[in-house]
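Student: Could you take me through one part of this model up close? I'd like to see how the helices sit against each other and what fills the space where they meet.

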Amino acid sequence: MNLELLQALKTAHDAEVEGMRSYLSFAKQTQVAGGKNILIQLAMDEIDHMELINKFMERMLKGEVYQTVDVPKARLDKFMPKVADASLQKMDKADVGDLDALKIALAHEEKARLFYLDQAQKTDNLQAKKLFTDLAAVEQKHYDILQAEIQFIQQDGFWFDMMEFSLEK
C-alpha cells in the first residue's frame, strides 16, 4: 500500500471538509443573494469531492483496484450568466464581509487546485493521477466563478473578463 498516496488523500479529504464548513459559514453570513448561492453550491461540490476521495481511499485500503469515475462538473456552471445578460443582473449591495468571504473562498480554491496538481505529479498511480487532475480542473472552475462574482460586486465594469459596457460606443 502506498502510504504517501494515502496521506495525500487524507489531506485532500480534510481540506474538502474545511472548505465545506467555511463556505457554509460564509453563506450564512453574507447578505448578497448571488454570493450566498455560490457559496452554498461550493459547499455541495466539496461534499461530492469528499465522497469521491473516500471511495478511492476505501478501495485502496481493501487492496481493490479503483475504477476511475468522472468528477462531477461544478454545480456552479448553471449559475454562469451569459455575457449578454450580465447588465441585466440585479445587483444587491455587498458589504466588506461579503467581499472578504468571496476572497477567502477564492484563495482556498487556488490552494486546493495547486495541491491537486502537485499530487497528480507526485503519484505513479494512474487512477489517483486522474482523480487529482480532475479535481484540480473543478477547483479552477470554482476559482473562475468566484473571481467573476468578486468583479461583479466591485462593479469594475468587467463580467467574466469581458467588458460589460464601453464609453467609446
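Tutor: Here's a walk through the helix packing, from the overall layout down to single residues.

Keep in mind that this is a predicted model. The chain has 4 helices and 2 strands, and along the sequence they come in the order α-α-α-α-β-β. Of its 169 residues, 41% count as buried. If you take the contacts between residues at least 6 apart in sequence, 75% of them join residues at least 24 apart.

Let's start with H1, which covers residues 3-29, and H2, which runs over 33-62. Their axes are 8 Å apart and the packing angle is about 160°. An angle over 145 degrees counts as roughly antiparallel, so that is how H1 lies against H2. The crossing of H1 with H2 is left-handed. Sort the residues of this contact by class and you get 21 nonpolar, 4 polar and 5 charged.

Now bring in H4, residues 126-154. H2 and H4 cross at roughly 175°, and their axes come within 11 Å. H2 is therefore roughly antiparallel to H4 as well. On the H2 side, the residues making the contact include Gly-34, Gly-35, Ile-38, Leu-42 and Phe-56, and on the H4 side they include Ala-128, Leu-135, His-142 and Leu-146. This contact has 11 nonpolar, 5 polar and 4 charged residues.

H1 also packs on H4, at an angle of about 25° and with the axes 12 Å apart. H1 and H4 are therefore roughly parallel to each other, and their crossing is left-handed. Here Leu-5, Ala-8, Leu-9 and Glu-16 of H1 meet Ala-128, Leu-131, Phe-132 and Glu-139 of H4. By class, the contact of H1 with H4 comes to 6 nonpolar, no polar and 2 charged residues.

So what sits on the inside? In soluble globular proteins, nonpolar side chains tend to be buried together. In this model the largest nonpolar core has 19 residues, and the members that touch the most others are Tyr-23, Leu-39, Leu-42, Leu-102 and Leu-146. H1, H2, H3 (96-122) and H4 each give two or more residues to this core. There is also a second, separate core of 18 residues, with Leu-6, Leu-52, Ala-120 and Leu-131 among its members.

Tyr-23 is a good residue to click on. Leaving out neighbours within four places in sequence, Tyr-23 is in contact with Leu-39, Leu-42, Ala-43 and Glu-46, and also with Ala-105, His-108 and Glu-109. Leu-39 and Leu-42 turn up on that contact list and are also among the best-connected members of the largest core.

For a view from the other end of the chain, try Ile-150, which lies in H4. Its relative accessible area is 4%, and under 20% counts as buried, so Ile-150 is buried. Not counting residues up to four places away in sequence, Ile-150 touches Leu-99, Leu-102, Lys-103 and Leu-106. Asp-100 is 50 residues from Ile-150 in sequence, yet the two are 9.3 Å apart in space, C-alpha to C-alpha.

Technical notes: Residues are numbered from 1 along each chain as its sequence is written. This is a predicted model: local features need pLDDT of at least 70, side-chain atom pairs count only at pLDDT 80 or more; totals for chains, interfaces and linings use all residues. Side-chain values use heavy atoms; hydrogens and water are left out. Axes are lines fitted to C-alpha atoms, for helices over the stretch in contact, and angles run from 0 to 180 degrees between N-to-C directions. Angles under 35 degrees count as roughly parallel, over 145 as roughly antiparallel, 65 to 115 as roughly perpendicular and the rest as oblique. A crossing is left-handed if the near helix is turned anticlockwise from the far one by less than a right angle, and right-handed if clockwise. Contact means heavy atoms within 4.5 Å. Ala, Val, Leu, Ile, Met, Phe, Trp, Tyr, Cys and Pro count as nonpolar, Asp, Glu, Lys and Arg as charged, and the others, Gly among them, as polar. A nonpolar core is a set of buried Ala, Val, Leu, Ile, Met, Phe, Trp, Tyr and Cys residues joined through side-chain atoms within 4.5 Å. Buried means under 20% relative accessible area, exposed over 50%, partly exposed in between (1.4 Å probe, protein chains only).
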